[in-house]
Amino acid sequence: MKVGITACSNGQQPEQQKTIDRLIKILSQMGVECVLSEHLYAKDGVFSGTAKERADDLMAFYEDSSIDAVYDLSGGDIANEVLGFLDYDMIAKSEKQFWGYSDLTTILNAVYAKTGRASVLYQVKHLVGDDGALRRERFRRFVLEGGKDLFQIQYEFLQCQRMEGIVVGGNIRCLLKLAGTPYFPDMHGKILLLESLGGSAPQVASQVSQLAQMGVFDAVAGILLGTFTRLEAEGRWAPFELLASKIRPDLPVARTPEVGHGEDAKAVMIGKFLRLAEN
């Protein structure tokens, strides 16, 4: 297996090179060969290159028939810059999957909205770390054996008892960057996944209000809440408390501690059908 390594959002800082070198070694031991993009490391603040240069790096991997998948290691703020420079016709014809999380939510959802193709919400860099043995074993089983436990999440229902549909969403702040653009996915009948890293109660409240005002909660078939790192650390508000007054009482809502920004997070397919039911 051969993968391309990109940074469509903020470039990797020089001090992250040891982590990336370790990641490449870990992947190599699993039989995964890595090819690094030209604009991986930041050169000017967080910018590793222009939006077009970063998009061209990604498309070069789609054009390269020897590349099986693309892992984006970045996050931050600027991934949506590349959206207008991607060749969605080529992506639609490709069987390759794009992997990324956080700010890459913009690309994951744009790819689904424009092509119908599924991508993977996951940060491959989390395989690195002294406590990453279980994560590495899950990933190894997926790569070498087609194991599914990387994508099997624990969840509980907060409202209703079952939901099904194609999953869209991811990081709530980054998903809302797509509002009003051709890259925002059709929400009708979908499961909307929402998670957050830095949002405190006022930010999350405003974000769910925007989604409500856009009619998203009237359209979706269910909501899956991942982790809201800062909000949960503050301890005053739970994500569902900020959401509950803005949704109808018969809309299924579930939560999982296994999707989000935590290093132990599992993977979710954005653009693929999912069925959740309470036993």
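Just over the halfway mark for burial: of the 279 residues in this predicted model, 54% count as buried. The exposed surface comes to about 12100 Å², and carbon and sulfur atoms supply 48% of that area. The fold is built from ten helices and twelve strands. Its radius of gyration is 18 Å, close to the 19 Å that the globule rule gives for 279 residues, so the protein is as compact as a globular protein of that length. Laid out along its principal axes, the C-alpha trace spans about 50 × 40 × 35 Å. As for how the chain meets itself, take the contacts between residues at least 6 apart in sequence: 82% of them join residues at least 24 apart.

The strands can be taken sheet by sheet. One open sheet has six strands in the order 2-1-3-4-5-11, and its pairing is mixed. Strand 2 (33-36) and strand 11 (268-270) sit at the edges with a single partner strand each, so one side of each has no neighbour in the sheet. From one strand to the next, the twist averages 30°. Strand 1 is a parallel partner of strand 2, with four bridges between them; here Val3 has Cys34 of strand 2 as its bridge partner. Strand 1 (residues 2-6) has four of its five residues buried, so the rest of the structure largely encloses it. Further along the sheet, strand 3 (residues 69-72) and strand 4 (residues 97-100) also run parallel, paired over three bridges, and Val70 is matched with Phe98 in strand 4.

Another open sheet, again of six strands and again with mixed pairing, follows the order 6-10-9-8-7-12. Its edges are strand 6 (156-159) and strand 12 (273-277); each has a single partner strand, so one side of each is left without a neighbour in the sheet. The twist in this sheet averages 35° from one strand to the next. Strand 9 (residues 222-228) pairs with strand 10 (residues 253-255) in the parallel sense, over three bridges. Within that pair, Ile223 has Val253 of strand 10 as its bridge partner.

Then there is the packing of the side chains. In soluble globular proteins, nonpolar side chains tend to be buried together. In this model the largest nonpolar core has 62 residues, and those with the most contacts inside it are Leu86, Ile107, Met187, Leu192, Leu194, Phe217 and Ile223. Ile223 thus belongs to this list as well as to the bridge with Val253. Setting aside residues up to four places away in sequence, Ile107 touches Cys8, Ala79, Val82, Leu83 and Phe98; Phe98 is also the residue that bridges to Val70. A second core, separate from the largest one, has 26 residues, including Ala7, Leu23, Met30 and Leu40.

Leu27 makes a handy close-up. This leucine lies in helix 1 (residues 17-29) and is buried, with a relative accessible area of 0%. Once neighbours within four places in sequence are left aside, Leu27 is in contact with Val32, Cys34, Tyr71, Val124, Leu127 and Phe139. One of these, Cys34, is the strand 2 residue bridged to Val3. Another, Leu127, is 100 residues from Leu27 in sequence, yet the two are 8.9 Å apart in space, C-alpha to C-alpha.

Note on methods:
Residues numbered from 1 in each chain as written. Predicted model: local features only at pLDDT ≥ 70, side-chain atom pairs only at ≥ 80, totals over all residues. Heavy atoms only, no water. Pairing = 2+ DSSP bridges. Helix = DSSP H or I, 4+ residues; strand = E, 2+ residues; numbered from the N terminus. Axes fitted to C-alpha atoms, helices over the stretch in contact; angles between N-to-C directions. Rg over C-alpha atoms; globule rule 2.2 N^0.38 Å. Buried < 20%, exposed > 50% of the residue type's maximum accessible area, 1.4 Å probe, protein only. Contact = heavy atoms within 4.5 Å. Areas by Shrake-Rupley, 256 points an atom, 1.4 Å probe, with all protein chains shown as cover. Core = buried A, V, L, I, M, F, W, Y, C linked by side-chain atoms within 4.5 Å.
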